[in-house]
Amino acid sequence: MTISSSLMNAYSGLSAAARTAEAISQNIANALTQGYGRRVVELRSAAINGQGAGVRVAAVYRNVDAALIASRQQAEAHSDGAATRATAFAQIEATIGTPGESGSLNDLIVRFETSLTSAASRPDLLVRQQNILFAARDLVAHVNGMSSDAQTMRMQADHEIADKVGFLNDGLAGIAQLNRDIGIQIGSGRDANGLLDQRQVLVDQIAGIVPLRTYSRDNGQIALVSTGGAVLLDGSAAVFEFTSAGKITADMTQASGALSGLSMNGQPVRIGDNGLLEGGSLAALFEVRDTIAPMASAQADAFARDLVERFQASGVDPTVAIGAAGLFTDDGAAFDSLNEIGLAGRLMLSAAVDPAAGGDLSRFRDGLAAVIPGNLGDSALLTRMAAALSQKRSPVSGTFSTAQVSTSDLAGALASLNSSARIDAEQNQAFATGRLQEFRVAELATGVDTDQELQHLLLIEKAYAANAKVISTADEMLTTLLGI
């Protein structure tokens, strides 16, 4: 081997060692950077005219486990969707309240029934009639709150859908641009790993919104397809459209056209079970807006209907005409069974017993339509109203069982139904979160190991020193020869 070839080999070794050391330093610096793929320098022997010419850097590539990343992305979508549903059921449960808890629906029913029983024992005492008023007001306000909270939940979900759609469009457009940039970099032989990292971050972000699969294309580009089969990106990015509503009321639905659906490239897209965009936080938000919250609203309406009909029933208050409004009204009027939707939000206490609305407390005792005060010791109406609450009757609407129940029992059944749904949703969330965590741990295990990188750096240091020694020795040899 000639001195010149030795110098060439050593120089190539120094260059390879420097490039490898640079990759190692990048790995260590980005050990915790989201989307970063560990850099691996591929070295190959170099040759000139069939003769060995040292070593060359063949490529610097990202060492990632694509299958593991795909599994983690889908697990993340399921986890985000499960968390959205669990949060919704927890909010509904908080609104209803837990039986036995102060301020819960069940507690307010008990307080109202107790106030009626207490007043019946001393119908002449104004303070006990006032307690009925306070208890009835609190009950009405709670039922109103159940309805308004359900609509607020729907509006929040609707606004979040709009935000998710905007983020999805921006993310897909960004990935499409990065695809083009990566193709140019690779086509011109330049390093595209930094762009690949940026693209991975964007893909991870939209994967929580819509579960997707990634497919490789030429020149490092990718295509994205939802697990339901919608082509999100293949060359060009899909464009999603959604119009957020302002105020949402109980009667507004997507089916009626009052609420926006989702469209992709101008065509309506079915989401949810067996839809093109099933799974993920976007589908879960649609479920909250169009199924979970409306169901809570409908259950509140069914409870309000049961309450109104108990006091509107014939024989409870003889002073009220058949079919006229009772103690609890539909926005001040009698309840019409054809107009149940939104009843919980319209529930009102009769103005006849509310001094603030021009009524009189004595009508709790004497009757809603009483013209003059009756017998101070007459407790018959108060007793009948208390009996109306405890009467066993089957709910005529809602998803309750057909068993005959009292008002208190119905409140407990309402709380129980939602608690069961909340527990089921939280169990699904716990499973999805645990599964996601397992994939994250496995992915980290394939990422940057700083201890291993430092050990590799020691080897590179030795290789660098060895090549430097060769150059130093060659220099000494040349100096000696020139000095002869």
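Which residues make the nonpolar surface patch of about 330 Å²? In this predicted model, the patch is made by L478, L481 and I484. One of these residues, L478, is found in helix α11, which covers residues 450–483. The relative accessible area of L478 is 35%, and L478 is therefore classed as partly exposed, a class that lies between under 20% for buried and over 50% for exposed.

Aromatic contacts were examined next. The count comes to 4 aromatic pairs. Among them is the pair of F112 and F311, with 6.1 Å from centre to centre and 50° between the planes, an arrangement that counts as tilted. F112 lies in helix α3 (residues 105–121) and F311 in helix α6 (residues 280–312), so this pair ties together parts that are 199 residues apart in sequence. F112 and F311 are both buried.

F311 also pairs with F328: the ring centres are 5.2 Å apart and the planes stand at 75°, so the pair is edge-to-face, given that angles over 60 degrees fall in that class. Because F311 lies in helix α6 and F328 in strand β10 (residues 328–330), the parts tied together by this pair are 17 residues apart in sequence.

Burial was considered for both members of the edge-to-face pair. F311 has a relative accessibility of 4% and so counts as buried. For F328 the relative accessible area is 0%, and F328 is therefore buried. Through these ring pairs, F112, F311 and F328 are linked into a cluster.

Technical notes. Residues numbered from 1 in each chain as written. Predicted model: local features only at pLDDT ≥ 70, side-chain atom pairs only at ≥ 80, totals over all residues. Heavy atoms only, no water. Patch = residues over 30% accessible without salt bridge, like charges linked within 9 Å, V, L, I, M, F, W, Y side chains within 5 Å. Areas by Shrake-Rupley, 256 points an atom, 1.4 Å probe, with all protein chains shown as cover. Salt bridge = Lys/Arg side-chain N within 4 Å of Asp/Glu carboxyl O. Helix = DSSP H or I, 4+ residues; strand = E, 2+ residues; numbered from the N terminus. Buried < 20%, exposed > 50% of the residue type's maximum accessible area, 1.4 Å probe, protein only. Phe/Tyr/Trp six-rings, centres within 6.5 Å; stacked < 30°, edge-to-face > 60°.
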